[in-house]
Amino acid sequence: MGLHSSRWTARTVAVSTTSLLLLLGGAAAVTPGAVAAGETPTGCVEPAAHADAKARPGRPGRQDPDALTEAQVRQREADLSAALAGRRPGGHATLATVTIPVVVHVVAEDTTRAGGYLPDSMIQQQIAVLNDSYDGGTVGGAATPFAFTLQSVTRNVRPEWYPIVYGSQAERQMKAALRVGGKETLNLYTGELSDDLLGWATFPQRKLNSSDGVVVLAESLPGGTAGIYGLGDTATHEVGHWLNLYHTFQGGCGKSGDQVADTPAEASPAFNCPTGRDTCTAAGLDPITNFMDYTQDSCMFQFTPGQATRMTDAWAAYRAP
Ligand SMILES: [Ca+2]
Ligand SMILES: [Ca+2]
Ligand SMILES: [Zn+2]
């Protein structure tokens, strides 16, 4: 309970105008879920509520879909360098504030909340959580250049797309039908998801395709019923991938890691909110409060300056109009 309080306090102290919204989520005892198979190098799939955290990464017969291989990381890093060199010769990109237009696509099976038909208030609260998270408004969080503004909301009662099944033809059809804007536009889809997932995202690519975007469990939005994942940080995490961040546990204790120097290496995902976790001999405790770990929403509240730089580079390389 102490950790829940400290995180809420962190939000409250730093951003008093949005902190109340975060309190609506509650912190019911729900444990993270199993992963689904079928991950691709350009996707990221998150675990959802309602299953056994300890079983998740190594669940028999299932591979952790978020684990990119070292070869995949090397390939992505080479592409980032090449793309960045084309946009900004030499050094890191620097950016003034970038306001990302967000289009939220509410996908539902009927017009009830249980059917995925979220109220506008939850969507507005989600945008507030994104801004709070990316502007360094949380205690210890680094500021990034990114701000978010709600451009529009589409409401889609489409039982044939529901639940949203990761990697399915129905998902591709849904995105092809709904996605709008260029590479700078964040298309955020909400709905019930397959396989107890919390969400998934596409990493940036040089050539835009209709799959680009973020999918999150509807009830993971602030005020949602997803228990320890009901404060809106699933979207924060997924948007991190959309801006080219890896998990903090990418590569484990090995060499390449998450390509960010100021996030201590971590052997495996952390769940719930452990104290003093230290899974790699490399300096530093595991970054369990980082948005790119797998801890519960109340436990994750930071990006680092290194992650801010990486996202800034990725914006210049891939998403800047
Ligand atoms: Ca690191
Ligand atoms: Ca360590
Ligand atoms: Zn992830």
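## The loop between β4 and β5

D196 has a relative accessibility of 36% and therefore counts as partly exposed, a class that lies between buried (under 20% relative accessible area) and exposed (over 50%), judged with a 1.4 Å probe and protein chains only. This is a predicted model, in which local features need pLDDT of at least 70 and side-chain atom pairs count only at pLDDT 80 or more, while totals for chains, interfaces and linings use all residues. Residues are numbered from 1 along each chain as its sequence is written, chains are lettered from A and ligands numbered from 1 in the order in which they are written, and side-chain values use heavy atoms, with hydrogens and water left out.

D196 is placed in the loop between β4 and β5, where strands (E, at least two residues) and helices (H or I, at least four) are DSSP runs numbered from the N terminus. D195 belongs to the loop between β4 and β5 as well, and its relative accessibility of 39% makes D195 partly exposed. Although neither is a glycine, D195 has a positive phi of about 55° and D196 a positive phi of about 60°. For context, most residues other than glycine have a negative phi, and most peptide bonds are trans.

## A negative surface patch

D195 and D196 join E109 and E192 in a negative surface patch. Such a patch is made of residues with over 30% relative accessible area and no salt bridge, like charges being joined within 9 Å and nonpolar side chains (Val, Leu, Ile, Met, Phe, Trp, Tyr) within 5 Å. Areas come from the Shrake-Rupley method with a 1.4 Å probe, only the protein chains shown counting as cover for residues. Asp and Glu count as negative and Lys and Arg as positive, leaving out His and the chain ends; each charge is placed at CG of Asp, CD of Glu, NZ of Lys or CZ of Arg.

E192 is found in the loop that runs between β4 (186–191) and β5 (197–202), and its relative accessibility of 39% puts E192 among the partly exposed residues.

## Two calcium sites

For the calcium ion (ligand 1), the protein donors are D258 (OD), V260 (O), T263 (O) and T263 (OG1), which lie 2.3 to 2.5 Å from the ion. Donors are N, O and S atoms within 2.8 Å of the metal (3.2 Å for Na, K and Ca), and sites may look incomplete, because water is not among the atoms. Along the sequence, the donor residues of this ion (ligand 1) are spaced D-x1-V-x2-T, and both D258 and V260 are buried.

The calcium ion (ligand 2) is coordinated at 2.2 to 2.4 Å by D278 (OD), C280 (O), A282 (O) and G284 (O), in a spacing of D-x1-C-x1-A-x1-G along the chain. D278 is partly exposed at 45% relative accessibility, and G284 is likewise partly exposed, with a relative accessible area of 36%.

## Salt bridges

The structure holds 10 salt bridges, each defined by a side-chain nitrogen of Lys or Arg within 4 Å of a carboxyl oxygen of Asp or Glu. One of them pairs the side chains of R113 and E219 at 2.7 Å, N to O. Because R113 lies in the loop between β2 (98–108) and α4 (120–134) and E219 in the loop between β6 (214–217) and α6, this pair ties together parts that are 106 residues apart in sequence. R113 is partly exposed, with a relative accessible area of 35%, whereas E219 is buried at 13% relative accessibility.

A salt bridge also joins the side chains of R179 and D212 (3.4 Å, N to O). R179 lies in the loop between α5 and β4 and D212 in the loop between β5 and β6, so the pair ties together parts 33 residues apart in sequence. Both R179 and D212 are buried, and a network of salt bridges links R179, D212 and R319.

## The loop between α6 and α7, and a cis peptide

The side chains of R277 and E266 meet in a salt bridge of 3.2 Å, N to O. Both R277 and E266 lie in the loop between α6 and α7, so the pair ties together parts that are 11 residues apart in sequence. R277 counts as buried at 17% relative accessibility, and E266 counts as buried at 0%. A270 is found in the loop between α6 (233–242) and α7 (305–319) and is buried at 1% relative accessibility. Although A270 and P287 are 17 residues apart in sequence, their C-alpha atoms are 8.8 Å apart in space.

Elsewhere, Y162 and P163 are joined by a cis peptide bond with omega of about -5°, and P163 is found in the loop between β3 (146–157) and α5 (169–178).
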